Amino acid sequence: MVKLVVVDMDGTFLDDNKKMSPEFDKVFKYLRSHGIYFCVASGRQMASLKKEFAGYEDDILFIAENGTVVEFDGELISVDELSIEVTEKILNRIKYLGPKKKVVYCTRECSYIDGLEDEQAIKNAQQYLPSHKIVDNFDEVDSLPVKVSFYSEDGYDHDFEAIVEEFGDLATVCTSGFEWLDIISKNASKGNGIQKIQKLLNVDDSEIMAFGDQMNDFDMLSKAYYSYAMDNAVDEIKQISRFSAPSNNEYGVIQVLKEFFKID
């Protein structure tokens, strides 16, 4: 029996236009009326997730910033920050990035960026980082990050390879989409976030249904018995998932939930 449904956001629950299925309301109400919890696990900041689910947020469990910030029943239950030592190494590494790289320094309550150069960047910040500030230098930020994200318009390149090699033993480093690389605490992941929620709900791995498409969903899908890779997922995620779902543009999550729970 499934007691907990967990969904990634971008590339999974939302289509490529960042819209959710028009049938979500019906499916969500069915789940809640049958005692099934709905959890969103994303690399996005908490403010962005709550903005997307405005009107539902009091009844949804949230795992934000790739598992570093977890909220249960409207209350913050855990925050995993990077250590001072790792943060200092990252800030030093940023100085040697190539010219096409962008960095987002994410604290629990706000994300800091080093400039918005065009209209598209401004639009992206408004959508994904509703709580953000522009800084000239990340040394100005007086809070430790829960996540530092690197953007490369060229995708996974030499700079990304060097970052993985340099920080792989100090923190968790994973791709989030095809152009982003995230560094978070070694103790944090979407899977660990789910584990914290499991203890509060007394839910077994066999009672979890999870959906994902990218490598930052790996631990999450590894925990759930009902693990679904989206049709648009990367190959590594398809290989470790037990089941498959139609693509995000077909609202595959909602399709599977309707069929599995026989929702008309």
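How many residues of strand β12 (residues 208-212) are buried? I started my notebook with that one, keeping in mind that this is a predicted model.

**Entry 1: strand β12**

I went through the strand and found that 5 of the 5 residues of β12 are buried, so the strand is largely enclosed by the rest of the structure. Next I looked at where the side chains go. Ile208, Ala210 and Gly212 point one way from β12, while Met209 and Phe211 point the other way, and all of them are buried.

Then I turned to the neighbours. Strand β1 (residues 4-7) pairs with β12 in the parallel sense, over 4 bridges. Strand β13 (residues 226-230) also runs parallel to β12, and 4 bridges join the two. I picked Phe211 as my marker here: Val7 has Phe211 as its bridge partner in β12, and Phe211 stands opposite Tyr228 in β13.

**Entry 2: salt bridges**

I counted 16 salt bridges in the model. In general, side chains of opposite charge can pair when their charged atoms come close. I noted three pairs in detail.

My first stop was Arg44, which forms a salt bridge with Glu52, with the closest N and O atoms 3.0 Å apart. Is Arg44 buried or exposed? Arg44 counts as buried because its relative accessibility is 4%. Glu52, at 21% relative accessibility, counts as partly exposed; the cut-off for buried is under 20%.

I moved on to Glu71, which forms a salt bridge with Lys50, the closest N and O atoms being 2.7 Å apart. Glu71 lies in strand β4 (residues 69-72) and Lys50 in helix α2 (residues 46-52), so this pair ties together parts that are 21 residues apart in sequence. Glu71 counts as buried at 8% relative accessibility, whereas Lys50 is partly exposed with a relative accessible area of 28%.

The third pair I looked up was Asp159 and Lys101, whose side chains meet in a salt bridge (3.2 Å, N to O). Asp159 lies in helix α5 (residues 158-167) and Lys101 in strand β6 (residues 101-106), so the pair ties together parts that are 58 residues apart in sequence. Both Asp159 and Lys101 are buried.

I also followed the shared partners. Salt bridges join Asp10, Lys18, Arg44 and Glu52 into one network, so I went back to mark the Arg44 and Glu52 pair as belonging to it.

**Entry 3: a charged patch**

Which residues gather in a patch of negative charge on the surface? I listed Asp58, Asp59, Asp73 and Glu75. I checked Glu75 further: it is found in strand β5 (residues 75-79), and with 56% relative accessibility it counts as exposed.

**Entry 4: positive phi**

My last look was at the backbone. Most residues other than glycine have a negative phi, which made me pause at two residues.

Asn202 has a phi near 60°, a positive value in a residue other than glycine. Asn202 lies in the loop between α6 (190-201) and β12, which took me back towards the strand I began with. Asn202 counts as exposed, at 65% relative accessibility, while the residues of β12 are buried.

Lys262 has a phi near 55°, again positive in a residue other than glycine. I found Lys262 in the segment after α9 (252-260), and this residue is exposed, with a relative accessible area of 69%.

Notes. Residues numbered from 1 in each chain as written. Predicted model: local features only at pLDDT ≥ 70, side-chain atom pairs only at ≥ 80, totals over all residues. Heavy atoms only, no water. Patch = residues over 30% accessible without salt bridge, like charges linked within 9 Å, V, L, I, M, F, W, Y side chains within 5 Å. Areas by Shrake-Rupley, 256 points an atom, 1.4 Å probe, with all protein chains shown as cover. Salt bridge = Lys/Arg side-chain N within 4 Å of Asp/Glu carboxyl O. Lys, Arg positive; Asp, Glu negative; His and termini not counted. Charge placed at Lys NZ, Arg CZ, Asp CG, Glu CD. Buried < 20%, exposed > 50% of the residue type's maximum accessible area, 1.4 Å probe, protein only. Pairing = 2+ DSSP bridges.
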